[in-house]
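This briefing introduces selected residues and their surroundings. Please view the sequence and the structure before reading on.

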Amino acid sequence: MGKIKIEKNPDPARLEALGVSRWPIWSKEVSDFPWTYDGQETCYFLEGEVTVTPDGGEPVTMGKGDLVTFPDGMSCRWQITKPVRKHYRIE
């Protein structure tokens with residue numbers, strides 16, 4: 001199983017090359033829920049903060065300005081501490 005990858009404040013040219021501004025937007029209020037990825041997801045946080053804890057793994061905190069990749073098949077718990085808005089793409 002892969003790990004969560006985080007790029008802090010990626011270069012605007014990198015975001016443009018990925019086409020992030022054309023990806024759909026997902027938003028969610030402060031909450032706590034389980035999640036399993038059914039594809040690799042790449043997302044860019046526009047707002048908010050969340051701690052994602054993979055099953056059997058260490059918690060990872062991410063938020064506004066982060067470009068994050070979640071591995072296909074990962075099961076985890078999302079703990080949103082500040083309301084989240086993010087662009088996302090699932091492959």
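Does Glu29 count as buried, exposed or partly exposed? Glu29 counts as partly exposed, at 48% relative accessibility. The model is predicted, and a search of the whole structure finds seven salt bridges. Three of these pairs are described below, followed by two buried residues.

**Salt bridges**

- The side chain of Glu29 meets that of Lys28 in a salt bridge, with an N to O distance of 3.8 Å. Lys28 is partly exposed, its relative accessible area being 27%.
- Asp32 and Arg77 form a salt bridge through their side chains at 2.5 Å, N to O. This pair links distant parts of the chain, since Asp32 lies in strand 3 and Arg77 in strand 7 (residues 75-90), 45 residues apart. Asp32 is partly exposed at 43%, and Arg77 is partly exposed at 35%.
- Glu41 and Lys86 are joined by a side-chain salt bridge of 2.5 Å, N to O. Here too distant parts of the chain are linked: Glu41 belongs to strand 4 (residues 41-54) and Lys86 to strand 7, 45 residues apart. Glu41 is buried, with a relative accessible area of 5%, and Lys86 counts as buried at 3%.

**Buried residues in strands**

- Ser31 is in strand 3 (residues 31-36) and counts as buried at 18% relative accessibility. Its side chain reaches the backbone oxygen of Glu29 at 3.0 Å. Beyond four places away in sequence, Ser31 touches Trp78, Gln79 and Ile80.
- Thr69 is in strand 6 (residues 66-70). Thr69 counts as buried because its relative accessibility is 16%, under the 20% cut-off. Beyond four places away in sequence, Thr69 touches Lys3, Ile4, Lys5, Gln40, Glu41 and Thr42.

Methods: Residues numbered from 1 in each chain as written. Predicted model: local features only at pLDDT ≥ 70, side-chain atom pairs only at ≥ 80, totals over all residues. Heavy atoms only, no water. Helix = DSSP H or I, 4+ residues; strand = E, 2+ residues; numbered from the N terminus. Buried < 20%, exposed > 50% of the residue type's maximum accessible area, 1.4 Å probe, protein only. Contact = heavy atoms within 4.5 Å. Polar contact = N/O pair within 3.5 Å; in protein donor to acceptor, adjacent residues only side chain to side chain. Salt bridge = Lys/Arg side-chain N within 4 Å of Asp/Glu carboxyl O.
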